[in-house]
Amino acid sequence: KEFIDSFLTFENTYKMFKKKVNGVNIWHYIRFNIYYSLLAQLDIYNVLINSSIVVNNKKKNFPDMIKAWTIGNQLFMRHREVLIIPHERKYKDENGFYRCIYTDLIDKSIHQSHYILDGISVFGEYTPQKSNNVIYSKLDYFEKKENRRNPYFACKVKEFESAIVEPIEKFFHIQISLQIKKQWKQILDNYLYKRRFLIKYYNFILNKVKPKAIMVVVSYSFNRMVLCEVAKRKKIPVIELQHGEMGKTVLPYCFPKKMEIPSFPDFIFTFSNNEYIDKLPISKDRAIPVGFPELEKYVRKSAQGKNSHKTILFISQGQMEIAKMARELAERTTEEYKIIYKLHPKEYGNWEKSMGEYLKHSNIKVVGDYDHTIYQYLSEADWVVGAYSTALFEATVFPTKIAIIKSSMSSSVQKLVYSNHAIFVSGIEELINAIKKDVKMDNPTNEYFVTKSIEKIQFNLSRIEKWYAKKRNDH
């Protein structure tokens with residue numbers, strides 16, 4: 001039995017979604033943090049390589065500053081039909097402009113007038129961006145104003161422990177340390193502190209733009225959850241664009257039952273009919289398969305062919321075992337093989353310290369920047385090796401072979417093996433033998449990504465807009 005099943009039973013047994021602190025329903029905000037904290041504490045799963053995010057602190061040049069002050073200024077926003085919230089992480093195109101791989105092609109293609117609300121993230125601020133629909137989100141004024149009018153007072157320890165800690169300790173028969181309790185409370189206080197001015201901010205934005213629909217990537221990040229709440233009060237539909245795996249062990253898409261979650265989107269545009277949607281809080285017909293435009297673009301490019309080297313692409317996912325296997329392969333193969341090690345973005349800043357002893361080799365090219373997307377490397381690879389990354393599914397649209405390193409986390413990608421789109425390997429010997437034998441697989445396939453994605457997104461976006469317009473009695 002997966003731990004997530006016990007966690008969902010716990011949520012239902014103790015009615016956690018009804019728990020309040022400072023008069024606010026708080027569980028939907030903090031459940032992800034607590035779930036992953038418990039996984040580590042119970043030694044069920046713990047990332048072996050510490051994250052280190054590379055922050056992009058490049059200053060705006062003068063033309064970008066003019067753009068931010070004028071057409072990109074949130075004070076000058078007016079009505080647009082759609083508001084798009086992109087991924088916090090961006091990549092450079094061939095002309096040096098930053099772009100969101102999940103929303104850029106939508107921005108260029110949909111018929112509706114729209115804005116892209118973007119701002120400073122944990123990855124920094126991405127400038128320049130080419131689109132004239134970008135609005136630079138600024139929160140400082142709203143935070144200062146709310147602090148003057150309504151200072152935040154930290155929630156009481158007893159109230160917090162009664163609502164969160166005690167039910168967890170009782171159900172899981174564990175004792176939460178004082179340090180972990182403090183961490184959880186600090187996270188919650190930060191959320192409650194931010195929630196006050198974010199509600200004011202998103203009311204300001206939605207009152208100016210009056211969108212008929214909102215499209216968002218990563219709806220479970222805190223700011224986007226608050227946006228979702230505000231939008232629902234105004235009967236504006238929120239559509240999440242799938243950006244990663246939606247599996248049985250992915251908590252943001254698993255709930256104990258169908259229920260009304262204020263912070264959860266009204267619809268999800270999924271990659272395909274293959275996504276796990278049984279435990280969504282919304283009805284299954286609101287998970288609509290539309291595909292992934294960016295991936296389709298690279299499928300067309302890959303038809304141009306590959307070079308003479310046999311390219312082995314390793315997808316890092318915070319596990320040292322992957323780095324060790326890449327090193328072993330590099331030491332046992334000739335120059336005929338080109339080995340690329342694609343870091344996870346959270347490893348860009350510390351890979352040399354955490355994995356350098358394995359990856360510093362003349363036949364290993366380490367990729368850790370925002371100049372190229374992973375799809376370029378997937379399209380060029382003969383073999384893709386990983387543990388449980390979403391990229392393993394994305395690799396199936398290309399004529400490539402896929403090897404999954406068997407681990408406790410591989411259950412989320414095992415269906416690739418059962419459908420003959422990948423194989424399991426338990427070590428370097430099995431990987432080398434599979435490469436030499438050129439094991440047959442049924443790739444490429446459209447099983448995990450439907451085609452004609454832009455057409456499907458346009459059609460379903462328009463359909464949802466019209467449906468909600470009737471619900472609001474728009475004229």
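**Cores and a parallel sheet**

In this predicted model, the largest nonpolar core has 89 residues, and those that touch the most other members are M215, F269, F314, L329, Y341, Y375 and L431. The element that gives the most to this core is helix 10, residues 320–332, which supplies seven residues. Another core lies apart from the largest one and holds 73 residues, including M77, V226, A231 and M246. In soluble globular proteins, nonpolar side chains tend to be buried together.

M215 can be taken as one member of the largest core to look at in detail. With neighbours within four places in sequence left aside, M215 is in contact with V82, L83, I84 and I85, and also with I106, I239, L241, F269, I457 and L461. One of these partners, F269, is itself among the residues that touch the most other members of the core.

The next feature to find is a sheet. Six strands make up this open sheet, and read across it their order is 14-13-12-15-16-17, with parallel pairing. Strand 14 (364–367) and strand 17 (423–425) are the edge strands; each has a single partner strand, so one side of each has no neighbour in the sheet. From one strand to the next, the twist averages 25°.

Within the sheet, strand 12 covers residues 310–315 and strand 13 covers residues 337–342; the two run parallel and are joined by six bridges. I315 has K342 of strand 13 as its bridge partner. Helix 15, residues 428–437, packs on the sheet and touches strand 12, strand 13, strand 15 (383–386), strand 16 (401–405) and strand 17. The direction of helix 15 makes about 140° with that of strand 17. In general, strands of a sheet pair through backbone hydrogen bonds, either parallel or antiparallel.

It remains to place these parts in the whole chain. The protein has 16 helices and 17 strands. Its radius of gyration is 23 Å, close to the 23 Å given by the globule rule for 475 residues, so the protein is as compact as a globular protein of that length. Taken along the principal axes, the box filled by the C-alpha atoms is roughly 70 × 55 × 45 Å.

Of the 475 residues, 57% count as buried. Among contacts between residues at least 6 apart in sequence, 72% join residues at least 24 apart. The accessible surface of the protein comes to about 22,000 Å², and carbon and sulfur atoms account for 50% of that surface.

Notes: Residues are numbered from 1 along each chain as its sequence is written. This is a predicted model: local features need pLDDT of at least 70, side-chain atom pairs count only at pLDDT 80 or more; totals for chains, interfaces and linings use all residues. Side-chain values use heavy atoms; hydrogens and water are left out. A nonpolar core is a set of buried Ala, Val, Leu, Ile, Met, Phe, Trp, Tyr and Cys residues joined through side-chain atoms within 4.5 Å. Buried means under 20% relative accessible area, exposed over 50%, partly exposed in between (1.4 Å probe, protein chains only). Helices (H or I, at least four residues) and strands (E, at least two) are DSSP runs, numbered from the N terminus. Contact means heavy atoms within 4.5 Å. Two strands pair if DSSP finds at least two bridges between them. Axes are lines fitted to C-alpha atoms, for helices over the stretch in contact, and angles run from 0 to 180 degrees between N-to-C directions. The radius of gyration is taken over C-alpha atoms; the globule rule is 2.2 Å times the number of residues to the power 0.38. Accessible areas come from the Shrake-Rupley method with a 1.4 Å probe; for residues, only the protein chains shown count as cover.
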